[in-house]
Amino acid sequence: MAISRLPSDAFEPVHRGKVKEETFFRPSLTYWQDVRRRLKKNKMAMIGLFTIIIIVLVSIIGPVLAPYSYSEMDWSATNKPPSAKHWFGTDNLGRDLFVRVLYGARISLIVGIFASLINLTIGVIYGGISGFVGGWLDNLMMRIVDILYGIPSLIYVILLMVILEPGLQNILITLGVAYWLGMARIVRGQILTLKEQDYVLAARVIGVSWWRILLKHLIPNSMGPIIVTVTLSIPSAIFTEAFLSFIGLGVRAPMASWGVLASDGLSTLQVYPFQLIIPAIAICITMLAFNFLGDGLRDALDPRMRK
Amino acid sequence: MVDKLLEVEDLRTSFFTYAGEVKAVRGVSLHVNKGEAVGIVGESGCGKSVTALSIMRLIPSPPGKIVTGSVSLYGKDLLKLPIKAMQKIRGKEMGMIFQDPMTSLNPVLSIGQQIGEVLAFHEGLKGKDAANRSVELLKMVGIPSPEERLRQYPHHFSGGMRQRVMIAMALACSPKLLIADEPTTALDVTIQAQIIELMNDLRERLDTSIILITHDLGVVAKLCTRVIVMYAGQIIEQGSTDEIFYNPKHPYTMGLLKSVPRLDEIEKRKLVPIAGHPPDLISSLKGCAFNPRCEYAMKICLRETPEIMDVGPDHKARCWLINKERANEDDVIQGQKNVK
Amino acid sequence: MKGCYTGMGTDKRSLVNVKNLKKYFQMPRGTILGENVYLQAVDDVSFHIDEGETLGLVGESGCGKTTCGRTMVRLYEPTSGHMYFEGQDIFKLSSKEMIPVKQKMQMIFQDPYSSLNPRMTVSDIIGEPLEVHSLITNRRERMERIYELLNLVGLTREHANRYPHEFSGGQCQRIGIARALAVDPKFIICDEPISALDVSIQAQVVNLLEELQEQFKLTYLFIAHDLAMVKHISVRIAVMYLGKVVELADKLDLYDNPLHPYTQALLSAIPIPDPDVERQRQRIILEGEVPTPINPPRGCRFKTRCKYVKPECAEEPPLKDVGGGHMVACHLI
């Protein structure tokens with residue numbers, strides 16, 4: 001019999017005090033550590049992130065190290081194909097395309113990031129007020145958003161650009177003004193759902209002021225979708241800027257933006273296709289990188305994915 | 001000899017997550033006889049639902065996987081069947097109903113279409129035949145004016161009515177076994193009473209075996225003939241309902257019975273909760289899984305996992321206390337001294 | 001002389017006195033010019049709770065028990081009625097005047113996870129009420145008070161810097177209780193505090209609530225659908241159906257002698273964990289489902305499911321005392 005193999009003290013009782021409440025089931029990860037872990041596991045998002053970092057670094061350092069400036073013309077070397085001397089070749093004025101693409105990256109990133117920050121600010125304030133106050137004000141504010149949403153944003157971006165002088169500053173203003181609608185809707189939706197959460201009710205029962213509820217409870221918990229929306233709005237801002245510059249409403253020569261480069265390259269497409277293809281590829285890679293990162297962030301931040 | 005309908009042998013199911021392997025079911029062996037209602041009770045995370053899903057082969061994979069074991073229905077090993085054959089068995093031989101009747105029905109199909117789909121797949125019934133059978137089924141589960149109800153969509157039905165529809169669908173092909181995973185947890189008490197009454201009635205009339213998964217001991221006492229108590233992925237006690245309720249052997253079963261208040265008690269009795277929490281199945285468990293919460297824990301409990309053993313006719317338990325009792329009773333201790 | 005508590009005015013001994021409380025929610029109209037449609041969540045409910053007592057409030061989902069609790073702490077603005085707390089009608093107070101009242105009335109919620117802010121540590125969660133009501137002056141005092149509260153609910157100081165998702169359901173509920181206790185309240189509304197927990201954990205939390213009640217002389221309104229648990233913890237029980245209190249009595253009185261047909265059915269529907277008892281029990285199975293609280297049945301709300309329905313039931317039955325504080329709203333009595 002199995003019992004006979006047991007040591008003689010086997011059935012002695014184990015003396016212990018009260019069972020303590022100290023067992024932690026789950027590894028101790030804060031929300032953001034958890035997000036980072038999931039993001040790291042997502043290959044596409046990591047590729048996107050690294051691409052973005054490389055683009056940022058190169059666009060900052062590259063022009064400093066390059067032997068040419070973006071506006072320096074060399075009449076002896078116009079329309080040169082890519083070579084060891086000019087990595088991406090030169091344009092019809094003999095300007096080095098590599099340096100110009102790097103400068104374009106600066107402008108694109110500036111536009112993307114600042115336009116997103118502007119629409120973040122407007123969107124969070126507008127959507128926050130709308131969702132938080134609720135009632136008729138919410139109704140009114142959301143109907144205004146609906147009406148603006150009905151107009152294709154490109155139309156009033158173009159209209160605004162025609163009224164304002166083309167230039168970097170005005171592009172930022174235009175994009176900021178045009179793209180906050182989505183952000184406002186998302187923030188409002190978040191606030192509306194969070195407002196009914198038990199922990200917000202608990203805070204109200206305690207007597208926490210509205211201001212503190214907004215700052216401590218509502219905003220921190222809606223950070224996830226806000227970050228995703230910001231990340232995903234960067235590529236669309238970059239693209240809109242490129243488009244505006246392409247049709248001549250954006251950045252003006254000799255400033256180099258990817259849209260300007262593509263526009264310049266278009267006229268010589270049949271003879272020197274690289275002049276169009278290179279900026280086009282730059283736009284594609286940047287947009288893809290931001291979109292990958294944004295999608296990865298969305299998966300990483302989604303609380304439903306939490307185990 | 002009673003007719004064994006379903007026999008599960010040493011079933012082990014794990015979920016492979018980022019943090020490691022979660023052993024949700026750790027060697028479960030059970031059987032269900034013909035016409036019998038077996039209750040599986042335990043707390044959330046004890047593996048009772050995973051056991052049921054493993055029997056149906058509905059474990060989401062990845063991350064889940066049935067590691068070893070066999071599930072045989074009439075001697076046919078379901079785990080070895082190809083997917084196609086298994087699909088035929090699901091619904092035809094075994095039906096399942098879930099906790100949430102809201103999400104288990106397709107909102108864009110009418111009830112008639114959804115029942116018709118089951119009938120067409122398993123019985124080849126089409127058109128008028130299918131409609132007639134559907135009406136019959138809805139009548140059987142007590143849905144008034146079934147002809148009109150067939151044309152309606154799930155959102156026209158209340159929670160209790162939806163659960164009735166789910167039962168009708170599960171019984172559409174007169175399966176031998178009905179697995180009900182917390183069928184009344186999402187329902188109100190008066191509706192729960194209706195559904196339990198219905199299931200009891202159906203079992204008697206159709207001779208369907210039932211596996212009822214629940215945490216409500218009252219429901220088990222009402223409906224089941226035999227009870228299986230699970231803890232941390234293992235069966236820790238099983239036996240006839242009377243044995244489990246009146247003569248529990250495992251401290252966990254005793255604890256469960258003592259921790260719930262009874263409606264019919266006159267004197268107020270202090271509830272005796274089970275201290276602590278169920279273990280995390282991701283860490284490897286040493287000894288008896290219940291030992292950190294057990295008031296009778298002994299040294300052996302910390303070191304070795306007890307085997308499940310007979311403590312009476314149709315009553316088994318997995319606890320070292322039973323060994324201790326036996327050791328005291330007979331000459332085993334004597335034997336030990338001799339060995340020394 | 002229990003009956004006199006429920007009389008008019010504010011009895012000194014009753015800490016809480018709810019009078020004719022109504023809470024209607026306006027629903028979206030069918031057509032623009034159509035009449036306003038109201039969901040009558042709580043319709044003319046009156047009860048009182050004595051100091052140190054636990055009143056159980058039971059009913060099925062949609063009966064208005066949660067709305068009733070939330071309106072009492074003014075999470076919802078009442079449609080009409082009064083709520084006297086320590087003799088003061090708190091429905092008349094401005095939101096500034098409510099702040100000191102909020103220090104005396106607290107609430108515990110059903111879902112242990114969603115009642116704690118996932119981005120705050122346990123010490124921030126428990127510390128928040130201390131800061132809001134300026135109950136502490138410095139950091140050290142704050143931490144000491146937090147440790148003390150954690151200790152009270154059976155947790156330790158090591159738990160203070162953790163986030164809610166690291167805890168089990170039962171532990172989260174303890175944290176919720178610690179937060180409610182932080183302001184040293186007199187009255188706590190427990191809104192289904194155990195229904196989301198496992199059986200073995202439910203008993204832990206109920207025992208904790210009982211111990212705290214004894215230690216701090218707390219008064220509870222215990223809202224739940226589990227009549228067995230409500231009977232265990234309460235002194236008196238109020239049964240709600242479709243926004244109305246249909247029966248209110250001492251718990252043993254209610255169990256031994258249920259007068260309202262709904263209470264009878266509810267009691268008989270609850271399974272008892274005892275196979276022998278279950279085999280002998282006769283169930284009253286109610287037909288049909290609870291009607292919607294939007295346009296509820298006129299007259300007695302239970303008449304659509306009641307098997308004793310009579311012509312008088314078209315009139316609304318008043319909640320009347322049938323002796324010994326046993327109140328029932330039914331024409332049969």
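**Figure 1. Gly81(C) touches Lys19(C), Asn20(C), Leu21(C) and Phe91(C), leaving out residues up to four places away in sequence.** Contact here means heavy atoms within 4.5 Å. This is a predicted model, in which local features need pLDDT of at least 70, side-chain atom pairs count only at pLDDT 80 or more, and totals for chains, interfaces and linings use all residues. Residues are numbered from 1 along each chain as its sequence is written, chains are lettered from A and ligands numbered from 1 in the order in which they are written, and side-chain values use heavy atoms, with hydrogens and water left out. Gly81(C) sits in strand E4 of chain C, residues 80-85. (Strands, labelled E, are DSSP runs of at least two residues; helices, labelled H or I, are runs of at least four; both are numbered from the N terminus.) Look for Lys23(C) as well: its C-alpha atom is 8.8 Å from that of Gly81(C), though the two residues are 58 apart along the chain. Is Gly81(C) buried or exposed? Neither one, as it turns out: with a relative accessible area of 22%, Gly81(C) is partly exposed. Buried means under 20% relative accessible area, exposed means over 50%, and partly exposed is in between (1.4 Å probe, protein chains only).

**Figure 2. Helix H1 of chain C is largely enclosed by the rest of the structure.** H1(C) covers residues 65-72, and 7 of its 8 residues are buried. Which ones are they? The buried residues are Lys65(C), Thr67(C), Cys68(C), Gly69(C), Arg70(C), Thr71(C) and Met72(C). Follow the chain just past H1(C) and you meet Arg74(C), which has a positive phi of about 60°.

**Figure 3. Leu242(C) has a positive phi without being a glycine.** Most residues other than glycine have a negative phi. For Leu242(C), phi is about 50°. You'll find Leu242(C) in the loop between strand E9 (236-241) and strand E10 (244-250) of chain C. Leu242(C) is buried, with a relative accessible area of 1%.

**Figure 4. Asp314(B) is a residue other than glycine with a positive phi.** Its phi is near 55°. Where does Asp314(B) lie? Asp314(B) is in the loop between strand E11 (309-312) and strand E12 (315-317) of chain B. Asp314(B) counts as partly exposed, at 45% relative accessibility.

**Figure 5. Phe98(A) belongs to helix H3 of chain A.** That helix takes in residues 97-133. Setting aside neighbours within four places in sequence, Phe98(A) is in contact with Trp87(A), Phe88(A) and Gly89(A). His86(A) is worth finding too: it is 12 residues from Phe98(A) along the chain, and their C-alpha atoms are separated by 7.0 Å.

**Figure 6. Chain C meets chain B through 47 residues of chain C and 43 residues of chain B.** Of the residues of chain C, Val199(C), Pro273(C) and Glu289(C) lose the most area to chain B, together 16% of what that side buries. How much area is buried between the two chains? It's about 4000 Å², with carbon and sulfur atoms giving 59%. Buried area is the accessible area (1.4 Å probe) that two parts lose on being put together, summed over both.

**Figure 7. Chain C has 10 helices and 12 strands.** Its radius of gyration is 21 Å, which agrees with the value near 20 Å for a compact globule of 333 residues. (The radius is taken over C-alpha atoms, and the globule rule is 2.2 Å times the number of residues to the power 0.38.) The C-alpha atoms of chain C fill a box of roughly 70 × 55 × 45 Å along the principal axes. Buried residues make up 59% of chain C.

**Figure 8. Chain B has 13 helices and 12 strands.** Its radius of gyration is 22 Å, close to the 20 Å from the globule rule for 340 residues, so chain B is as compact as a globular protein of that length. The C-alpha atoms of chain B fill a box of roughly 80 × 55 × 45 Å, again along the principal axes. In chain B, 56% of the 340 residues count as buried.
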